[in-house]
Amino acid sequence: MEVEFDPTDVLVFYFSTSTGLFKVDKREESVVPVKLDTTGLAAPTALSMSDKGFLLASFACGSICIF
């Protein structure tokens with residue numbers, strides 16, 4: 001599991017597991033993680049957050065995506 005915090009919003013963070021990529025916004029009434037759409041991609045292998053708030057995720061299939 002990897003966790004990345006949004007540098008522009010301390011109440012938002014992202015995490016990855018072997019089942020997918022998730023976003024949590026602590027301002028929401030429900031703190032249930034929202035699964036991001038990664039259809040067609042393998043399991044996330046690494047996360048990195050830019051200082052502008054863009055999430056960079058790499059996947060086991062070799063793809064890299066910006067969220």
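## Exercises on a seven-strand chain

Beyond its neighbours within four places in sequence, D25 is in contact (heavy atoms within 4.5 Å) with L11 and V12. The model is predicted: local features need pLDDT of at least 70 and side-chain atom pairs count only at pLDDT 80 or more, while totals for chains, interfaces and linings use all residues. Residues are numbered from 1 along each chain as its sequence is written, and side-chain values use heavy atoms, with hydrogens and water left out.

**Exercise 1. Place D25 in its strand and determine whether D25 is buried or exposed.**

Solution. Step one: D25 is found in strand β3; strands are DSSP runs of E with at least two residues, helices are runs of H or I with at least four, and both are numbered from the N terminus. Step two: the relative accessible area of D25 is 14%, so D25 is buried (buried is under 20%, exposed over 50%, partly exposed in between, with a 1.4 Å probe and protein chains only). Step three: the C-alpha atoms of D25 and F13 are separated by 6.7 Å, with the two positions 12 residues apart along the chain.

**Exercise 2. Describe the surroundings of F13.**

Solution. Step one: F13 belongs to strand β2, residues 12-17. Step two: not counting residues up to four places away in sequence, F13 touches V3, E4, F5, F22, K23, V24 and K26. Step three: L55 is 42 residues from F13 in sequence, yet the C-alpha to C-alpha distance is 9.9 Å.

**Exercise 3. Locate the loop residues E28 and A43 and assign their accessibility classes.**

Solution. Step one: E28 lies in the loop between β3 (20-25) and β4 (34-35). Its relative accessibility is 48%, so E28 counts as partly exposed. From C-alpha to C-alpha, E28 and V12 are 10.0 Å apart, at a sequence separation of 16 residues. Step two: A43 sits in the loop between β4 and β5 (44-49). Its relative accessibility is 28%, so A43 also counts as partly exposed. Step three: leaving aside neighbours within four places in sequence, A43 is in contact with S18, S58, F59 and A60. The C-alpha atoms of A43 and S16 are 8.4 Å apart, at 27 residues along the chain.

**Exercise 4. Why is there no bond between the sulfurs of C65 and C61?**

Solution. Step one: the structure holds zero disulfides (a disulfide is a pair of cysteine sulfur atoms within 2.5 Å). Step two: C61 is in no disulfide, and the nearest cysteine sulfur, that of C65, is 7.7 Å away. Step three: the closest cysteine sulfur to that of C65 is in C61, and because 7.7 Å separates them, they are too far apart for a bond. Step four: C61 counts as partly exposed, at 44% relative accessibility.

**Exercise 5. Summarise the fold and the dimensions of the whole chain.**

Solution. Step one: the chain has zero helices and seven strands, in the order β-β-β-β-β-β-β from the N terminus on. Step two: the radius of gyration is 12 Å, which agrees with the value near 11 Å for a compact globule of 67 residues (taken over C-alpha atoms; the rule is 2.2 Å times the number of residues to the power 0.38). Step three: along the principal axes, the C-alpha atoms fill a box of roughly 35 × 25 × 20 Å. Step four: 33% of the 67 residues count as buried. Step five: among contacts between residues at least 6 apart in sequence, 27% join residues at least 24 apart.
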